[in-house]
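Me: I would like to learn how to read a protein model step by step. Could you take me through it, with the general idea before each case?

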Amino acid sequence: MTIILGTSIAGLIMALGKKLSPLLLGLVLLVGLLAFLNWPQEQAGQTMTKKLTPVKVYEVSNKLFPVTIDALGTATANESVTLTAQVADTVTRVLFDDGDKVEAGQLLVQLNNKEEVARVAQLQVSLEEAKRQLSRIKNLASTSAASEQLLDEQQALVKSLEAQIAVANAQLDDLQIKAPFNGRLGIRRVSVGSLVRPADEITTLDDISVIKVDFNVAENHLASMAIGQKVTATSVAYPGREFSGEIVAMDSRIDPVTRSILSRAVINNPEAELRPGMLMQVTIEKQVLDTLVIPEEALVPNADKQFVYVVAENNVVSEREVMVGERRPGWVQIVSGLNAGEQIIVEGTLRVRDGSEVRVLNRDTLES
């Protein structure tokens, strides 16, 4: 039929060519060429092959499905303090560097203490002399050569000097800045010769061997939380790392504004990887379900309902409504609507509809 059509068009063109101008002749030739190229190329006894939509499927199965609570928290040190001076005086010695690890009681900064040292020395001399006088008066009193009143007065003088020495030693201690606990120091804020006053920051000290993470959880999760419950935390500073800890405290009140409860977890930090102030993503495990689980991309929402496309053994698709339960990133629990062993479409859902025939690309390599 194609040959006959081509011959007819060619004859017509030759007949018209003698009567038409070159421009019209070219137009006729173009129309004839387009008609020839677009003429159906069917051969007798043959039908066109039906095109099947390629898809990938997932085999539904029961899995352990942890139900979790996610929250954002802030890391704080186990113990934290800003070191300051108790009195106004000049720094004479700085005995630490930025970021040093220190132990409890370690001397960090010495303030000018010359006057206090001299005062203690003077009181020590006076105390020794008072004790010698007390010893002589006791001997005289034993022979009735000294009165009891004189003995009492000397004893009171000794006690007074001992109390003054104790006060002077306390003043000496105020001129020494010591570490109150084991930890790591921050940036040094003073130098030798600096005049420091009460409340002036000298440095910071943090005990980060254990990190506390404070986070808020919505009140509807309150019944699922308890002291000692395990948590995992992540930080953008360590992609792919998880830090394990447990809940150690929960506030006694629900915040009436946010309707959430403040909770605290502790995480061991022996390598000092976590630092105070970090933003932490906290995950709390509520329970572990043994249930049907499918990839989230298999769901096809329609209004307030969820559907999936089930592929039968004859590669025909059927649309089915499902009821969704708990969700996790990338996965959902199926409460009803599917059975274990059925295959659902996870790639190609937008190209199929109920009753479509498909070509499954991964049937031989399915991973449940």
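Reply: What follows is a conversation about confidence, strands, backbone angles, rings and charges in this predicted model.

Me: What is the mean pLDDT of the protein chain, and which elements have the lowest and the highest mean?

Reply: The pLDDT is the predictor's confidence in each residue, on a scale from 0 to 100. Here the mean over the protein chain is 85, and 84% of the residues reach 70 or more. Among the elements of the chain, helix α1 (residues 2-17) has the lowest mean, 49, while β12 has the highest, 95. Over residues 1-6 the pLDDT is below 50, and beyond near neighbours in sequence this stretch has four contacts in the model. Residues 41-49 also have a pLDDT below 50, and that stretch has two contacts beyond near neighbours in sequence.

Me: In what order do the strands of the open sheet of four strands lie, and which of them stand at the edges?

Reply: Strands of a sheet pair through backbone hydrogen bonds, and they can do so in a parallel or an antiparallel way. In this open sheet the order is β6-β5-β3-β8, and the pairing is antiparallel. The edges are taken by β6 (176-178) and β8 (195-196), each of which has a single partner strand, so one side of each is left without a neighbour in the sheet. Strand β3 (residues 89-94) pairs with β8 over two bridges, and D89 has V196 in β8 as its bridge partner.

Me: Which strands does β15 pair with, and how many bridges join each pair?

Reply: Strand β15 is joined by three bridges to β14 (residues 300-302), by six to β16 (residues 317-328), and by two to β18 (residues 343-347), with the strands running antiparallel in each pair. To follow this by eye, begin at Q306, which stands opposite P301 and has V322 in β16 as a bridge partner; then move to V311, whose bridge partner in β18 is Q343. Five of the seven residues of β15 (residues 305-311) are buried, so this strand is largely enclosed by the rest of the structure.

Me: Where in the model should I look for a positive phi?

Reply: Most residues other than glycine have a negative phi, so a positive value deserves a second look. Two cases lie in hairpins: A303, in the turn between β14 and β15, has a phi of about 60°, and N315, in the hairpin of β15 and β16 with five residues between the strands, has a phi near 65°. A199 has a phi near 85° and lies in the loop between β8 and β9 (201-218), where A199 is exposed, with a relative accessible area of 64%. R259 has a phi near 55°, is found in the loop between β11 (243-250) and β12 (260-268), and counts as partly exposed at 47% relative accessibility.

Me: How are the rings of Y238 and F243 placed, and what lies over the face of Y238?

Reply: A pair of aromatic rings is described by the distance of the centres and the angle of the planes. There are two aromatic pairs in the count. One of them joins Y238 and F243, whose centres are 5.9 Å apart and whose planes make an angle of 70°, giving an edge-to-face pair. Y238 is partly exposed, with a relative accessible area of 23%, whereas F243 is buried, at 6%. R241 lies over the face of Y238, at 5.8 Å from the ring centre.

Me: With which residue does R241 form a salt bridge, and how many salt bridges does the structure hold?

Reply: To read a salt bridge, find the charged side chains and then ask where each partner lies in the chain. The structure holds nine salt bridges. R241 forms one with E273, the closest N and O atoms being 3.1 Å apart. This pair links distant parts of the chain, with R241 in the loop between β10 (230-234) and β11 and E273 in the loop between β12 and β13 (279-295), 32 residues apart. In another, R264 meets D214, with the closest N and O atoms 2.7 Å apart; R264 is in strand β12 and D214 in strand β9, so the pair ties together parts that are 50 residues apart in sequence.

Key. Residues numbered from 1 in each chain as written. Predicted model: local features only at pLDDT ≥ 70, side-chain atom pairs only at ≥ 80, totals over all residues. Heavy atoms only, no water. Phe/Tyr/Trp six-rings, centres within 6.5 Å; stacked < 30°, edge-to-face > 60°. Buried < 20%, exposed > 50% of the residue type's maximum accessible area, 1.4 Å probe, protein only. Lys NZ or Arg CZ within 6 Å of the ring centre and 35° of its normal. Pairing = 2+ DSSP bridges. Contact = heavy atoms within 4.5 Å. Salt bridge = Lys/Arg side-chain N within 4 Å of Asp/Glu carboxyl O.
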